[in-house]
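Colleague: Please take a close look at one residue for me and describe its surroundings in detail. After that, I would like to see how the wider picture fits around it.

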Amino acid sequence: MKTILFFDEKKEFGELSNFWKMSHPLIFEGEEYKTSEHLYQAMRYIIAEQTPEIVEYIREIRTAKTPYMSKILANQDVSDKRYEWRRKLIEIIDKYYDHVSIAPQWFDVNIDAMRHILRLKFTTDQKCKDLLINTGSNLLAENSPYDDFWGLGRDGDGENWLGKILVEIREELKNSKEKTKVTQNDAIRLLDEWVREQRVKSVSSNSSSNNEESEEEPPKKKVKKENLIVIDDEHEDEDNK
């Protein structure tokens, strides 16, 4: 058994990357998402208590030109103003900053979110599905030097949650028993049920927080960034402008 490494969506095994632009977009709640990264980043807000501002911000993330742009918006990252396209994103972030927050339980459920989204991806796009199944029984690892949670990280000893989940999804797809083989309809149903459950938790959490508030207004909860790192100037300037 060997380990198959993937990272760049433009290179071998790029279909395993969340930045891979699929032949058919992911459809969730009647809206299209160009990549699994778009849907994952939007999910931070999709499972939050819904307000008009959050619905608008989800649209901004969903329609971002690139998956990297969707990640910047979702993380509300305003750290880099070198490029015009970056400054335009910051204008959007500033517009909604005081009106939107990610779901309070996000960092407890983000692995589950990724699992549901990848299940949908690999039951939607046949090319991606075939490639994943054809990796056989090999281990899979995101060879990202920037992310030691979803990938291997700079030292190669990261948690590699993306690779682990892909192995899980592969086994679901390969299941020889027809009654238990996962389908696209299964993926949609499971994701929909999970989102509804998480929205209830978000509303409940917000209600509890409001009841416990003192007369002094608490500080705004910041968005925790998930290893949002600029890869290099060329990637920034050329792929996203």
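Modeller: Leaving aside residues up to four places away in sequence, Gln198 touches Ile47, Gln105 and Val109, where contact means heavy atoms within 4.5 Å. Gln198 lies in helix 8, which covers residues 184-212; helices (H or I, at least four residues) and strands (E, at least two) are DSSP runs, numbered from the N terminus. With a relative accessibility of 2%, Gln198 counts as buried, a word used for values under 20% relative accessible area, with exposed over 50% and partly exposed in between (1.4 Å probe, protein chains only).

Please keep in mind that this is a predicted model, in which local features need pLDDT of at least 70 and side-chain atom pairs count only at pLDDT 80 or more, while totals for chains, interfaces and linings use all residues. Residues are numbered from 1 along each chain as its sequence is written, and side-chain values use heavy atoms, with hydrogens and water left out.

A second buried residue is Arg119, at a relative accessible area of 8%, and its place is in helix 5, residues 106-124. Not counting residues up to four places away in sequence, Arg119 touches Ile169, Glu172, Val182, Ala187 and Leu190. The C-alpha atoms of Arg119 and Ile188 are separated by 8.7 Å, although these two residues lie 69 residues apart along the chain.

Ile27, in strand 2 (residues 26-28), is partly exposed, with a relative accessibility of 41%. Beyond four places in sequence, Ile27 touches Glu32 and Leu120, and from C-alpha to C-alpha Ile27 is 9.6 Å from Lys121, with their positions 94 residues apart in sequence.

Lys121 also belongs to the contact of helix 5 with helix 6, in which Lys121, Phe122 and Thr124 of helix 5 meet Gln126, Cys128, Lys129 and Leu132 of helix 6. By class, this contact has three nonpolar, two polar and two charged residues; Ala, Val, Leu, Ile, Met, Phe, Trp, Tyr, Cys and Pro count as nonpolar, Asp, Glu, Lys and Arg as charged, and the others, Gly among them, as polar. Helix 5 and helix 6 (residues 126-133) pack at about 105°, with their axes 5 Å apart, and are therefore roughly perpendicular to each other.

Helix 3 (residues 67-75) and helix 4 (residues 84-96) pack at about 40°, with 10 Å between their axes, so they are oblique to each other; under 35 degrees counts as roughly parallel, over 145 as roughly antiparallel, 65 to 115 as roughly perpendicular and the rest as oblique. Here Tyr68, Met69, Ile72 and Leu73 in helix 3 meet Trp85, Arg86, Leu89, Ile92 and Ile93 in helix 4, a contact with eight nonpolar, no polar and one charged residues.

For the chain as a whole, there are nine helices and four strands, and 46% of its 241 residues count as buried. Among contacts between residues at least 6 apart in sequence, 69% join residues at least 24 apart. The mean pLDDT is 90, and 85% of the residues reach 70 or more, pLDDT being the predictor's confidence in each residue, from 0 to 100. Over residues 229-235, however, pLDDT stays under 50, and the model has 14 contacts beyond four places in sequence for this stretch. Where pLDDT is low, the predicted coordinates should not be read in detail.

Note on methods. Axes are lines fitted to C-alpha atoms, for helices over the stretch in contact, and angles run from 0 to 180 degrees between N-to-C directions.
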